[in-house]
Amino acid sequence: MVTATLSPADLRQRAWDVAARVVDPEIPVLTIADLGVLREVNVTDGGIEVAITPTYSGCPAMNMIALEIELALEREGLGRPKIRTVLSPAWTTDWMSEDGRRKLREYGIAPPLASSSRRALFGVQEVACPQCGSIDTELISEFGSTSCKALWRCRACREPFDYFKCH
């Protein structure tokens, strides 16, 4: 087993790196690190403990994510980890990495607006179309392909697109 040959700090970093490569099953271009779902990795006397925070309570992808973390760490010879779901503080789109936002846009999903956006200040939401970049867009439905996305349409290129909702 690899864990016996690594210092606790190196083991923690290796476990973090392995867990960070796990992808979101609903948006496979994003890792759980990109999303900010991976909160912490600790090494204890009992082994490795990984803390994850769902994008929203009841997210159906969390069970799959936990299983994928377990499998990834076991494949790397790091033993079977304990996966802990942390609900507080609640996940926020501010935890999403800039790289994750870029990946969403390239995948055709409008990334969430920053918490300092016009919506936060004036209640106005300007969502840029991930296809053409226009902000001449409109909300079609608060419910998109998954619960964490809304369905929008671009008035300029007429294409519908998902928008990752702000939390």
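User: How much area does the chain expose, and what share of it do carbon and sulfur atoms supply?

Analyst: This is a predicted model: local features need pLDDT of at least 70, side-chain atom pairs count only at pLDDT 80 or more, and totals for chains, interfaces and linings use all residues. Residues are numbered from 1 along each chain as its sequence is written, and side-chain values use heavy atoms, leaving out hydrogens and water. Areas follow the Shrake-Rupley method with a 1.4 Å probe; for residues, only the protein chains shown count as cover. The chain exposes about 8,800 Å², and the carbon and sulfur share is 51%.

User: What percentage of the residues in the chain is buried?

Analyst: Buried means under 20% relative accessible area, exposed over 50%, and partly exposed in between (1.4 Å probe, protein chains only). The chain has 167 residues, and the buried part is 41%.

User: How many helices and strands does the chain have?

Analyst: Helices (H or I, at least four residues) and strands (E, at least two) are DSSP runs, numbered from the N terminus. From that end, the elements run α-α-β-β-α-β-α-β-α-β-β-β. The count is 5 helices and 7 strands.

User: Which residue in β3 stands opposite Ile-52?

Analyst: Two strands pair if DSSP finds at least two bridges between them. Strand β2 (residues 47-52) and strand β3 (residues 82-85) pair in the parallel sense over 4 bridges. Opposite Ile-52 stands Thr-85.

User: Why is one side of β4 and of β5 left without a neighbour in the sheet?

Analyst: The open sheet has 4 strands in the order β4-β7-β6-β5, with mixed pairing. β4 (109-110) and β5 (137-141) each have a single partner strand, so one side of each stays free of a neighbour in the sheet. For β4, 2 bridges lead to the parallel strand β7 (residues 160-164). The reason is their place in the sheet: β4 and β5 stand at the edges.

User: Which element gives the largest share of the largest nonpolar core?

Analyst: A nonpolar core is a set of buried Ala, Val, Leu, Ile, Met, Phe, Trp, Tyr and Cys residues joined through side-chain atoms within 4.5 Å. The largest one holds 32 residues; Ile-48, Ile-69 and Phe-164 are among those that touch the most other members. Elements giving two or more residues include α1 (8-20), β1 (38-44) and α3. The largest share, 6 residues, comes from α3.

User: Which residues does Ile-69 contact, leaving aside its neighbours within four places in sequence?

Analyst: Contact means heavy atoms within 4.5 Å. By that rule, the partners of Ile-69 are Ala-19, Val-22, Ile-32, Val-50, Ile-52 and Ile-83.
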